[in-house]
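Reader: I would like to go through this structure with you. Could we begin with what the terms mean?

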Amino acid sequence: MIEVVRIEKAYRKFQAVRGISFEVRPGEVYGLLGPNGAGKTTTLRMLATLLRPTAGSARVAGFDVVRQSLEVRRNLGIVNGGMKVYDKLTGYEVLDFFGSFYDLWGPRLKERIGWVADLLHIEQTVLNKQVKDMSTGMQQKIVIARAILHQPQVLLLDEATAGLDVFARRALLDFVKQYAGLGKTLVYSTHVMSEAEEVCDRVGFIHQGLLVYEGRLQEALALGSGNLERAFIRRLEGAA
Amino acid sequence: MLERYLRPMWAFVFRDWHLTRRYMSWVAVFVFYAIVNSATIALIGKAQDDFRLTLTLLLGVLLWSFLSAMYNEIANSISYERWEGTLEYTFMAPVSRLVHLTGVSLFAIIFSVFRTIVILVGLVLFIQVSVSGANLLGVLVVLLVASLAFMGLGLMAAILPVMSPENGAQATNIFQGILLLVSGIYYPVNVLPSWVQPLAYLSPATYALEACRKLMGINHPDSTPDKLVGAPLSSVLPELGILLLMGVVLIPLGLLVFHTAEQWAKRTGKLKRTG
């Protein structure tokens, strides 16, 4: 469902991503793990068609991210820790606006909003509030609702728990497992290894634009004697 | 099939409508300032007790108010998205840029029409002039045709905030200022320095004003303060033709320029919320 082949991104002389390859299958949560500035966000932005790769290729839901960007965007959702929705719109207006891009309007939109509200435990009355009047956790739920309203095959989560309180973070982690359970393909990018331990099936360690390790979660944990953070450090030391 | 294009287009119109009404206090402040500013300009003609000058200034402030508001809405659409923190998601929406920008432009036109009507009503409180005999329907036609060209200019200016998140929005004002200077909004173009005058013929506002002045009968020798002798629409066909041609050229050119800038931003990583 996601195929990344030797993808690269360079800004003049700076090489942000250096020939990364990986695959993610339906129903799988792939953890893209690494410190800040490792190249995680750049990789995800290339998959989301917001950045053009310098070299290599990537396919999302079977579509090429450069040549078929419109189709990629139809089959993709993205949740980013810093992403916002229009503060002054109500939750319903936000979903109505974004739903119209995916042929969702009238009864279909209502039905889909009902589905997403159930999945994320959003009360219908909350949707009538302006986003600025919602709690941080509820705002993040609206961001997620917007990202999955069209039930995308692929969902990218980039530092999605940044700035969230404990309840909102818990709700998001639960949602990730639930959404993967629907047969969807997820990439979970974070520098918080404990989150990855909880939700990921496979992980890739990314450092200075290179994928330095890839394996199943249990294998990675074994590498770090039961701790993903230790595994990451050991792997880097091994690579050096 | 057509619905797949029209729905997203309307979605942009309604999004901008909802956002505008939620920022109504800001809109009210800006419109109030526009009324006061327009009145101070138009009253110069009243002070001279010259109905032709008064009408020239009045027409200038209203036409500029309409065209500049529309230009601003389109040119700053990217800045607004960046300000709201929603730029990436809007650009990730699976709609063509044509649909996206047409929706934005459509709202800009509707908003500018209402804004101009409110300013006109506000001006009536300060200045009483008779427009009896003026071809107001013709003026409306000219404004609509001129909108197309200004839409194209707005699309081109909208790339500035894409290219420079820090200074792009300010740069759109420079572009707008040049249009204001060269188009002869409040004065005939021939009073401009000779080296500036050729630029006037590149601005759609110049032709729109020339046409509207004829349609209003401002400079007609038989016009009086009580009765204007407005020209028929057929007499401004050359100006309408030029405006239409400008629109036909500038809108696709604006879209092309925007597309090129977007591709550049995707290569250089400029398509993001912050600078």
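Author: A residue is called buried if 20 or more other C-beta atoms lie within 10 Å of its own, exposed if 12 or fewer do, and partly exposed in between. Please note that this is a predicted model.

Reader: What share of the 240 residues in chain A is buried, then?

Author: In chain A, 49% of the 240 residues are buried.

Reader: And what percentage of the 275 residues in chain B is buried?

Author: For chain B, buried residues amount to 44% of the 275.

Reader: How many helices and strands does chain A have?

Author: Chain A contains 9 helices and 10 strands.

Reader: What about the secondary structure of chain B?

Author: Chain B has 12 helices and 0 strands. Its pattern along the sequence is accordingly written α-α-α-α-α-α-α-α-α-α-α-α.

Reader: What is the radius of gyration of chain A, and what would a compact globule have?

Author: A compact globule of 240 residues would have a radius of gyration near 18 Å, and chain A agrees with this, at 18 Å. The C-alpha trace of chain A spans about 55 × 40 × 30 Å along its principal axes.

Reader: And the radius of gyration of chain B?

Author: Chain B has 20 Å, which agrees with the value near 19 Å for a compact globule of 275 residues. Its C-alpha trace extends over about 60 × 40 × 40 Å along the principal axes.

Reader: Which contacts join residues far along the sequence in chain A?

Author: Among contacts in chain A between residues at least 6 apart in sequence, 67% join residues at least 24 apart. In chain B, residues 24 or more positions apart account for 79% of the contacts with a separation of 6 or more.

Reader: Let us turn to the interface. How many residues of chain A are in contact with chain B?

Author: There are 24 residues of chain A in contact with 25 residues of chain B. On the chain A side, the elements giving two or more residues are α2 (69-74) and α3 (91-99). α2(A) gives the most, with 3 residues. By character, the residues on this side of chain A divide into 13 nonpolar, 3 polar and 8 charged.

Reader: Now a helix pair: how do α2 and α3 of chain B pack?

Author: Helix α2 (residues 24-47) and helix α3 (residues 51-75) of chain B pack at an angle of about 160°, with their axes 7 Å apart. Angles over 145 degrees count as roughly antiparallel, and α2(B) and α3(B) are therefore roughly antiparallel to each other. The crossing of α2(B) with α3(B) is right-handed.

Reader: Which residues meet there?

Author: From α2(B), the residues include B:A34, B:S38 and B:I41, while those from α3(B) include B:L53, B:L57 and B:V61. The residues of this contact comprise 8 nonpolar, 5 polar and 1 charged.

Reader: A different topic: where is A:E159, and is it buried or exposed?

Author: A:E159 sits in the loop between β7 (154-158) and α6 (166-180) of chain A. With 20 other C-beta atoms within 10 Å, A:E159 is buried. Its phi is positive, about 45°, although A:E159 is not a glycine.

Reader: And what is the phi of A:H121?

Author: The phi of A:H121 is near 55°, again a positive value in a residue other than glycine. A:H121 lies in the loop between α4 (106-120) and α5 (136-148) of chain A. A:H121 is exposed, because 12 other C-beta atoms lie within 10 Å.

Note on methods
Residues are numbered from 1 along each chain as its sequence is written. Chains are lettered from A and ligands numbered from 1 in the order in which they are written. This is a predicted model: local features need pLDDT of at least 70, side-chain atom pairs count only at pLDDT 80 or more; totals for chains, interfaces and linings use all residues. Axes are lines fitted to C-alpha atoms, for helices over the stretch in contact, and angles run from 0 to 180 degrees between N-to-C directions. Helices (H or I, at least four residues) and strands (E, at least two) are DSSP runs, numbered from the N terminus. Angles under 35 degrees count as roughly parallel, over 145 as roughly antiparallel, 65 to 115 as roughly perpendicular and the rest as oblique. A crossing is left-handed if the near helix is turned anticlockwise from the far one by less than a right angle, and right-handed if clockwise. Two residues are in contact if their C-beta atoms, placed from the backbone, lie within 7 Å. Ala, Val, Leu, Ile, Met, Phe, Trp, Tyr, Cys and Pro count as nonpolar, Asp, Glu, Lys and Arg as charged, and the others, Gly among them, as polar. The radius of gyration is taken over C-alpha atoms; the globule rule is 2.2 Å times the number of residues to the power 0.38.
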